Amino acid sequence: MGGIKVIGIPMSTCTQRVLVVLIEKGAEYVVEPLDMMKGAHKQPEHLAIQPFGQIPVIEDGKFKLFESRAIVRYVAEKYEGQGPSLYGKTLHEKALVEQWLAVEIEEFNAPITAAVVQLVLGPKFKGIPADEAIVSASLEKLEKVLDVYEAQLAKNKFLAGNFLSIADLVHLPFLFLLVGVAKRGEVVTSRKHVHEWYETLSSLPSWKKVLALAA
């Protein structure tokens, strides 16, 4: 099969970032599942292409790339001529997309990940109850970040402007776990514009296809 090979599992948040962008762009792809329960991601053949033993990795012909945020940039650029322009059409739009990608990884990712690990991943996969002190501290930090998002989204429908971009889509997996799975989305639903933004993103047909793959 042609197109991009995605080595990973659809229930992985990082793999989901890649899949939602591929689907939005209408790109041809195939998922090659990795049996992480058996430690396939730590085997020499996988470490040869992802030295940190993580997922996803993509193979596009002979070209290989890891790290989900790098991959979504690559996909948006490679398929610029089809689907929505997820990386912006002008220099200024691209710069704003990069700005909000940086905000996502530098400001948003750490607190929401800490909360989701406690609320979803620990209880589901390890049988460990959530530490509410960590959850509370993480959500408090996340609220400060989302206050900034609220101000930005009051001016634009999406983070980088009035166009959907990879800067928006990379937020979806952890937002969905917090709001849709953990049912602790007050930090989102209490902010009018952040809530509308999340509802728009989580209603995308591309995201629904990702959730179906994950199921």
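W100, F108, Y149 and W197 come together as one aromatic cluster. Keep in mind that this is a predicted model. Across the structure, the count comes to six aromatic pairs. One of them sits inside that cluster: the ring centres of W100 and Y149 are 5.6 Å apart with planes at 85°, so the pair is edge-to-face.

**The W100–Y149 pair**

- This pair ties together distant parts of the chain, as W100 sits in helix α4 (residues 91–126) and Y149 in helix α5 (residues 132–153).
- In sequence terms, W100 and Y149 are 49 residues apart.
- Buried or exposed, what are W100 and Y149? Both are buried.

**The F176–W207 pair**

- Here the ring centres lie 5.8 Å apart and the planes meet at 70°; anything over 60 degrees counts as edge-to-face, so F176 and W207 get that label too.
- Again the pair links distant parts of the chain, with F176 in helix α7 (residues 172–181) and W207 in helix α10 (residues 205–214), 31 residues apart.
- How do the two partners fare for burial? W207 is buried, at a relative accessible area of 0%.
- F176 has 22% relative accessibility, and because buried means under 20%, F176 counts as partly exposed.

**A lysine over a ring**

- Over the face of Y79 you'll find K78, at 5.5 Å from the ring centre.

**Overall fold**

- The chain has 10 helices and four strands.
- Read from the N terminus, the elements go β-α-β-α-β-β-α-α-α-α-α-α-α-α.
- The radius of gyration is 17 Å, close to the 17 Å the globule rule gives for 215 residues, so the chain is as compact as a globular protein of that length.
- Taken along the principal axes, the C-alpha atoms fill a box of roughly 45 × 45 × 25 Å.

**Packing and surface**

- What share of the 215 residues counts as buried? The figure is 48%.
- Take the contacts between residues at least 6 apart in sequence: 67% of them join residues at least 24 apart.
- About 10500 Å² of the chain is exposed, and carbon and sulfur atoms supply 58% of that area.

Definitions and conventions: Residues are numbered from 1 along each chain as its sequence is written. This is a predicted model: local features need pLDDT of at least 70, side-chain atom pairs count only at pLDDT 80 or more; totals for chains, interfaces and linings use all residues. Side-chain values use heavy atoms; hydrogens and water are left out. Rings of Phe, Tyr and Trp (its six-membered ring) pair if their centres lie within 6.5 Å; planes under 30 degrees apart count as stacked, over 60 as edge-to-face and the rest as tilted. Helices (H or I, at least four residues) and strands (E, at least two) are DSSP runs, numbered from the N terminus. Buried means under 20% relative accessible area, exposed over 50%, partly exposed in between (1.4 Å probe, protein chains only). A charge sits over a ring if NZ of Lys or CZ of Arg is within 6 Å of the ring centre and within 35 degrees of the ring normal. The radius of gyration is taken over C-alpha atoms; the globule rule is 2.2 Å times the number of residues to the power 0.38. Contact means heavy atoms within 4.5 Å. Accessible areas come from the Shrake-Rupley method with a 1.4 Å probe; for residues, only the protein chains shown count as cover.
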